[in-house]
Amino acid sequence: MFALVAGVFALSLEPTEVAQRSPAVDGIWIPVDRTGEVVRVDAATGRVTARVPVADDDSQLAVGETAEELVAIDRRTGVLSTIDRALHRVERRLDTGIRDAAYIDVVAGGIAVGDGTATVTVNAAADAVAPLSDIGRYRSLVVDDGGATGATADGVTTLGPAGADVRAAGVTAPAVVRVGAEVLWSDGRTVRDLDAEERSCVATPPGREADWAGGPSGLVAAVGRDTTTVEIVDTMQGGCHSVSLAAPGTTLGPPVVALGVVFVPEPSAGLVHIID
């Protein structure tokens with residue numbers, strides 16, 4: 001059964017908290033909407049080791065990362081920035097044409113951005129944006145080498161060379177999430193695999209509008225856009241937990257899951273909550 005160990009603590013993301021550390025230290029990149037930056041948190045110490053301005057203050061940022069690249073998008077404007085992780089600076093910016101983006105998914109060799117009515121793939125190195133056909137209506141999406149899996153308002157579908165395959169029909173407002181090499185989906189009450197096998201519960205439904213994130217360790221985190229709690233799901237061992245992070249009325253940012261730890265930004269306070 002999943003257990004919340006060690007605890008929850010909040011780390012200030014104000015500039016005075018920056019630690020002068022080597023870029024070689026493993027870290028997690030987290031968006032900070034209030035300052036329009038992405039910051040690098042040392043996973044071992046919880047200290048901020050770098051910050052890169054990518055947008056205006058009070059933006060709505062999302063971050064995606066692979067071994068090859070780090071990108072950030074301002075979800076309101078659709079401007080995507082690629083970031084040099086060694087030099088801590090923006091390499092290039094590209095307008096994706098997507099406004100009020102609902103999701104960004106980044107894998108080796110591709111970036112997908114969508115707003116629920118249109119989805120595009122981005123080749124940042126070539127400054128190229130192309131429509132991704134037949135999947136504009138997806139509320140959330142994860143892509144891979146062979147195709148994509150998307151969630152609509154009423155179901156989950158996988159898309160590949162052979163066409164579309166409906167995996168879950170009649171499910172209201174599901175979400176899809178990448179967990180290591182797997183793609184899982186949730187109806188807000190349970191987390192399941194693409195064969196509909198239940199992998200774990202969800203303690204408290206995060207609502208129809210929520211940001212989901214998964215990590216290779218099997219953890220999934222969800223933050224409702226009108227809630228102040230994070231739902232943590234252990235898809236490997238089973239079990240779930242709901243953690244309250246802020247006062248009612250506070251807006252939390254999209255969660256990040258890495259190295260078995262959940263990071264949840266609180267943009268208005270310049271904090272990131274770390275659930276270990």
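A residue is counted as buried when its relative accessible area is under 20%. In this predicted model, Gly-224 meets that criterion, because its relative accessible area is 1%. Gly-224 belongs to strand S22. In sequence, Gly-224 and Pro-254 are separated by 30 residues, while their C-alpha atoms lie 8.9 Å apart in space. A second buried position is found in the loop between strand S22 (219–224) and strand S23 (229–234), where Thr-228 is placed. Thr-228 has a relative accessibility of 13% and therefore also counts as buried. The C-alpha atoms of Thr-228 and Ala-246 are 5.5 Å apart, although 18 residues separate the two in sequence.

Strands of a sheet pair through backbone hydrogen bonds, in either a parallel or an antiparallel manner. Strands S2, S3 and S4 form an open sheet in the order S2-S3-S4, with antiparallel pairing. The edges of this sheet are occupied by strand S2 (27–32) and strand S4 (48–53); each has a single partner strand, so one side of each is left without a neighbour in the sheet. From one strand to the next, the twist of the S2-S3-S4 sheet averages 20°. Strand S3 (residues 37–42) is joined to S4 by five bridges, and these two strands run antiparallel. Within this pairing, Val-38 has Val-52 in S4 as its bridge partner.

A further open sheet comprises four strands in the order S5-S6-S7-S8, and the pairing is again antiparallel. Its edge strands are strand S5 (61–65) and strand S8 (89–95), each of which pairs on one side only. The average twist from one strand to the next in the four-stranded sheet is 25°. Antiparallel pairing between S5 and strand S6 (residues 70–74) extends over five bridges, and one of the bridge partnerships links Val-63 to Ala-72 in S6.

Strands S17 to S20 are connected by a succession of hairpins. Strand S17 (residues 175–179) and S18 run antiparallel and are joined by five bridges, with Arg-178 standing opposite Val-183 in S18. The hairpin formed by S17 and S18 has two residues between the strands, and Gly-180 in the turn adopts a positive phi of about 65°. Strand S18 (residues 182–186) is largely enclosed by the rest of the structure, because four of its five residues are buried. S18 also pairs with S19 in the antiparallel sense, over three bridges. In this pairing, Trp-185 has Arg-192 in S19 as its bridge partner. Three residues lie between the strands of the S18 and S19 hairpin, in which Gly-188 takes a positive phi near 90°.

Strand S19 (residues 190–193) pairs in turn with strand S20 (residues 198–201), in the antiparallel sense and over three bridges. Thr-190 stands opposite Cys-201 in S20. The hairpin of S19 and S20 has four residues between the strands, and the positive phi in its turn, about 75°, belongs to Ala-196.

Cys-201 also takes part in a disulfide. Such a link is a covalent bond between the sulfur atoms of two cysteines. The structure holds one disulfide, formed by Cys-201 and Cys-240, whose sulfur atoms are 1.9 Å apart. This disulfide links distant parts of the chain, joining Cys-201 in strand S20 to Cys-240 in strand S24 (residues 240–244), 39 residues apart. The link of Cys-201 and Cys-240 is left-handed, with -105° about the S-S bond. Cys-201 has a relative accessible area of 27% and is therefore classed as partly exposed, since that class lies between the limits of under 20% for buried and over 50% for exposed.

The second largest pocket contains about 310 Å³ of space. Its lining consists of 18 residues, of which Asp-33, Ser-59, Gln-60, Arg-75 and Thr-251 lie nearest the centre of the pocket. By residue class, the lining of the second largest pocket divides into seven charged, six nonpolar and five polar residues.

How values were computed
Residues are numbered from 1 along each chain as its sequence is written. This is a predicted model: local features need pLDDT of at least 70, side-chain atom pairs count only at pLDDT 80 or more; totals for chains, interfaces and linings use all residues. Side-chain values use heavy atoms; hydrogens and water are left out. Two strands pair if DSSP finds at least two bridges between them. On a 1 Å grid over the protein atoms alone, a cavity is a set of points where a 1.4 Å probe fits but cannot get out, and a pocket is an open set with protein on both sides within 12 Å along at least five of seven lines; lining residues have an atom within 4 Å of a point. Grid points are joined across faces, edges and corners, and a volume is the space filled by probe spheres set on the points. Ala, Val, Leu, Ile, Met, Phe, Trp, Tyr, Cys and Pro count as nonpolar, Asp, Glu, Lys and Arg as charged, and the others, Gly among them, as polar. A disulfide is a pair of cysteine sulfur atoms within 2.5 Å. Buried means under 20% relative accessible area, exposed over 50%, partly exposed in between (1.4 Å probe, protein chains only). Axes are lines fitted to C-alpha atoms, for helices over the stretch in contact, and angles run from 0 to 180 degrees between N-to-C directions.
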